[in-house]
Amino acid sequence: MSGKPRASTLPVILPAGERLARAALRERRAGTHSLRLRGSHGWALLGAFVLGCGIAQAQSQPEAPSIFDTLWKWTPLLARGFVFNLAISFIAMAIGTAVGLFLGFAQISLLPPVRKGAWFATHFFRNAPWLVLLFYCMFLLPFQVTVFGVRIPIPDWTKATLGLALPVMANVSEIARGAIQSIPTTQWEAAGSLAFNRRQTLWMIIFPQCIKRMLPPWMNLYAILTMATVLASIVGVNEMMTLTQRALSAENRPGLLLAFYSYVLLWFFVYCYPIARWTVRLEARYAVNQ
Amino acid sequence: MTLAREAAGSSALPGSPGDARKDTSEPIVALHDVHQAFGDLEVLKGVSFSVRMGGVVCIIGPSGSGKSTLLRCINGLVPIRSGTIRVANFDVHLLKTDEEKIALRKEVSMVFQQYNLFPHKTALENVMMAPIHVLKEDRNEVRERAVALLTKVGLAAKQNAYPGELSGGQQQRVAIARSLAMRPEVMLFDEVTAALDPETVKEVLNTIRELAREGMTCILVTHEMRFAREIADEVHFTDGGTIVESGPPAQLFDHPRKARTRAFLSQIL
Amino acid sequence: MQLVWDWFRWLNDATGINLTIFYDAFDRGRFASGFWMTVKLSVVCIAASVVIGVVGAWIQGSRFRVARTIVYWYIQAFRNTPPLVQLYFFYFGLGALIRGVGGPLVTNVTWAIVSLSFFAGAFNVEIFRAGVEAVPRTTIEAAESLGFSRLQAYLRVVLPLAFRISLPALNNNLVNLVKTTTLAYAIAVPEMLYVSSQIWSDELNVPVMMNVLLVCYFVIVGVLVYAMHRWERAIRVPGFGA
């Protein structure tokens, strides 16, 4: 919806409509939908897990080990896989954020080639599906690099991490650009009248204010990214999803699917829920301070 | 052609409601002991009054006294618990189906406080919509009438503007023109100036004043006491779901009989 | 046309950029079919998800708490879990179940469509619900006071407004859905990514194909985003909007 100035003194749509439009714009800028996790989701997931265990138990042979024993047996392996997912998410987020911030600032550069290049890079990587970028990195990055005569192997999971860092970078770039452009121009004018140059203004005045605005969508992006690390299973990384599938085929018992998948999802939930709640709190605090 | 006469003119067919009320002793709107509640919350606790044809009635009172609900009962938007409402030969309390209510709403038009107009249509389209789709009239005739009505309310230049591009007062005037396009017998106004800036209130009140002067039957719920005093034939003060006091404006405003009326007026005036 | 293909053959000979999808008829056919599969998945899933969204929004306004609760949990489940897990659930879980009880053979394409439709549908339910509720009650009352029947008021006032209010969010969903169709690779649906992987494993032209793929998605999504913006601008309600 365009920003044409309004002549109307009487609103024509309910504030709820405005909120929906604003939320759509926010999600478009952030590149991902907003994850709104609640405690009730956790309970529902637990319920699904219990149900799954019940189904598995009911369908299993009497002499087979109980479902809990089975899960317990696989848990250490799944835990290693989960930690792996988390590690991938940390590194991808770190790299993506660093480069993304750089791109975001480049998008507001005064030099047209820099600005256009950054815009193109951002939108090129935003438009690509995450899985395609993952493939891109998996296949096109070399399996080892030689730096100063030292051969550094690049294992699969590193390539996957870099592959996930690319969409993060693009989204962070857009988030940063949006945050910078949401700072009112009066801030720039005030800084200018105090004889700050552009670099000082950006670093000391604009960017600190942006951090607050960027935090909620950035944290939301992290939660989404964490859940997206399961994509790495498609390209052969031994993370939690791959291991779960291996466990399921090893067990070869019918009806274990719900139990195992809800177990995995529970782990993700326990990790993502605090992040999502914190995001909501930050959003509310930021809105008030506005 | 004035607004009201043009509005009422086409209903002069034999057997139509207009005919039956040439005898102005029969009121065009008559409420008797109307009770209404939302669930357990009683909103109207026995309201009775009547309006003769061409009369202008103002309803004043504190928020929550049921004024808006009262208006919505008159045009059938809200069903009542008990009592009778007769409007222009319709027993509103007995209307059940959509068709019956539509027939009523061709005689009674209502203008609301806000979110009145359809924001996705221009002012002209707003005025034209109902006569085309409800009255099934010819598009070109409707367009001519719509332009004339918009001219009458002073907004001919804004006919292609969207509601979001109009000021509050302009929006309300388009809303009045839109209601008039249906040629109603009775117009209901639900606090139409309450959400407006003071500058734009005047233009809306001028439009209503002219309507009243030309003989349109009007029932207004309003906070504009000066305006009510000027144009009303009768003023009803409601509080807590009942009409506490009624009378000609000069009497009610200058010499209120009840203590509650006095208290309310002293807060407002 | 043959001239064009031959140029690509020359390109391969001259520079080593091996675009078999142009000069080789078989690969051309394969890539085209992959492209159309992606398009087909996108279109069918969008349509189905809109239907699911409308039905879900309607149920959410119903009186029956059971129905409302079911829709609520459906939305929460599909919104907050990775779509890959949902896909596996449908294909391996429900698929095995149906096979187990001797039901009909449901292809992986069908499961992909079902899974993705429900994924996007969950978002649509919320969007449509919010859109309908954002239409002010007084506007609906004004329509009814003018003599519109309830159906007419819904068709001529509520739906057009709700649609205009919902469109930005709907468009976000649409673009996301097109990107998510790549997940169908995981269950061997021959969409563009899968077909490309087949081609590059046959022709060993991985970098070229990957770049082609990236460019394709860039173009498809770019065109969609552009069309989206134009559409939103065209039907915007003046005086409203972020």
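This is a short talk on how three chains, A, B and C, are built and packed in a predicted model.

Hi everyone, and thanks for coming. Please keep in mind throughout that we are looking at a predicted model.

Let me start with chain A. It contains 10 helices and 2 strands. If you walk along chain A from the N terminus, the order of elements is α-α-α-α-α-β-β-α-α-α-α-α. The C-alpha trace of chain A spans about 80 × 65 × 25 Å along its principal axes. How many of its residues are buried? Of the 290 residues in chain A, 41% count as buried. Now take the contacts in chain A between residues at least 6 apart in sequence: 79% of these join residues at least 24 apart.

Next, how does chain A meet chain C? On this contact, 44 residues come from chain C and 42 residues from chain A. On the chain C side, the helices H4 (65–79), H5 (83–100), H6 (108–133), H8 and H10 (206–235) each supply at least two residues. Which of them gives the largest share? That is H10(C), with 11 residues. Sorted by class, the side of chain C that touches chain A has 29 nonpolar, 10 polar and 5 charged residues.

One residue lets us look at this meeting of chains in detail. A:Val132 sits in helix H5 of chain A, which covers residues 130–140. Is A:Val132 buried or exposed? It counts as buried, because it has 24 C-beta neighbours inside 10 Å, and the cut-off for buried is 20 or more. Leaving aside residues up to four places away in sequence, A:Val132 touches C:Thr182, C:Leu193, C:Leu213, C:Leu214 and C:Tyr217. Within its own chain, you can also look from A:Val132 across to A:Gly163: the two are 31 residues apart along the chain, and their C-alpha atoms are separated by 8.8 Å.

Chain C touches chain B as well. There the contact takes 22 residues from chain C and 23 residues from chain B. Helix H7 (137–145) and helix H8 (150–180) of chain C each supply at least two residues to the chain C side. H8(C) gives the most, with 7 residues. The side of chain C that touches chain B divides into 10 nonpolar, 7 polar and 5 charged residues.

Now for some helix packing. Two packed helices are described by the angle between their axes and the distance between the axes. Our first pair joins two chains: the axes of helix H1 of chain A (residues 15–30) and H8(C) come within 8 Å and cross at roughly 20 degrees. That angle is under 35 degrees, so H1(A) and H8(C) are roughly parallel to each other. The crossing of H1(A) past H8(C) is left-handed. From H1(A), the residues in contact include A:Gly17, A:Leu20 and A:Ala21, and from H8(C) they include C:Ile165 and C:Pro168. By class, this contact of H1(A) with H8(C) has 7 nonpolar, 2 polar and 2 charged residues.

Our second pair lies inside chain C. Helix H3 of chain C (residues 25–60) and H6(C) have axes that come within 6 Å and cross at roughly 45 degrees. H3(C) and H6(C) are therefore oblique to each other. Here H3(C) passes H6(C) in a right-handed crossing. The contact of H3(C) with H6(C) has 17 nonpolar, 7 polar and 1 charged residues.

What about the nonpolar core? The largest one has 219 residues. Among those with the most contacts inside it are A:Leu131, A:Leu134, B:Ile74 and B:Ile219. H6(C) brings the largest share of this core, 13 residues. As for B:Ile219, its contacts include B:Val29, B:Val51, B:Val57 and B:Leu188, when residues up to four places away in sequence are not counted.

Finally, a look at the backbone. Most residues other than glycine have a negative phi, and most peptide bonds are trans. With that in mind, look at A:Ala195, which has a positive phi of about 70 degrees although it is not a glycine. A:Ala195 is in the loop between helix H7 (185–193) and helix H8 (198–228) of chain A. It is exposed, because just 7 other C-beta atoms lie within 10 Å and the cut-off for exposed is 12 or fewer. In chain B, B:Asn89 has a positive phi of about 75 degrees, and is not a glycine either. You will find B:Asn89 in the loop between strand S4 (82–87) and strand S5 (90–91) of chain B. With 16 other C-beta atoms within 10 Å, B:Asn89 is partly exposed.

That's my tour, thanks for listening!

Definitions and conventions: Residues are numbered from 1 along each chain as its sequence is written. Chains are lettered from A and ligands numbered from 1 in the order in which they are written. This is a predicted model: local features need pLDDT of at least 70, side-chain atom pairs count only at pLDDT 80 or more; totals for chains, interfaces and linings use all residues. Two residues are in contact if their C-beta atoms, placed from the backbone, lie within 7 Å. Helices (H or I, at least four residues) and strands (E, at least two) are DSSP runs, numbered from the N terminus. Ala, Val, Leu, Ile, Met, Phe, Trp, Tyr, Cys and Pro count as nonpolar, Asp, Glu, Lys and Arg as charged, and the others, Gly among them, as polar. A nonpolar core is a set of buried Ala, Val, Leu, Ile, Met, Phe, Trp, Tyr and Cys residues joined through C-beta atoms within 7 Å. Axes are lines fitted to C-alpha atoms, for helices over the stretch in contact, and angles run from 0 to 180 degrees between N-to-C directions. Angles under 35 degrees count as roughly parallel, over 145 as roughly antiparallel, 65 to 115 as roughly perpendicular and the rest as oblique. A crossing is left-handed if the near helix is turned anticlockwise from the far one by less than a right angle, and right-handed if clockwise.
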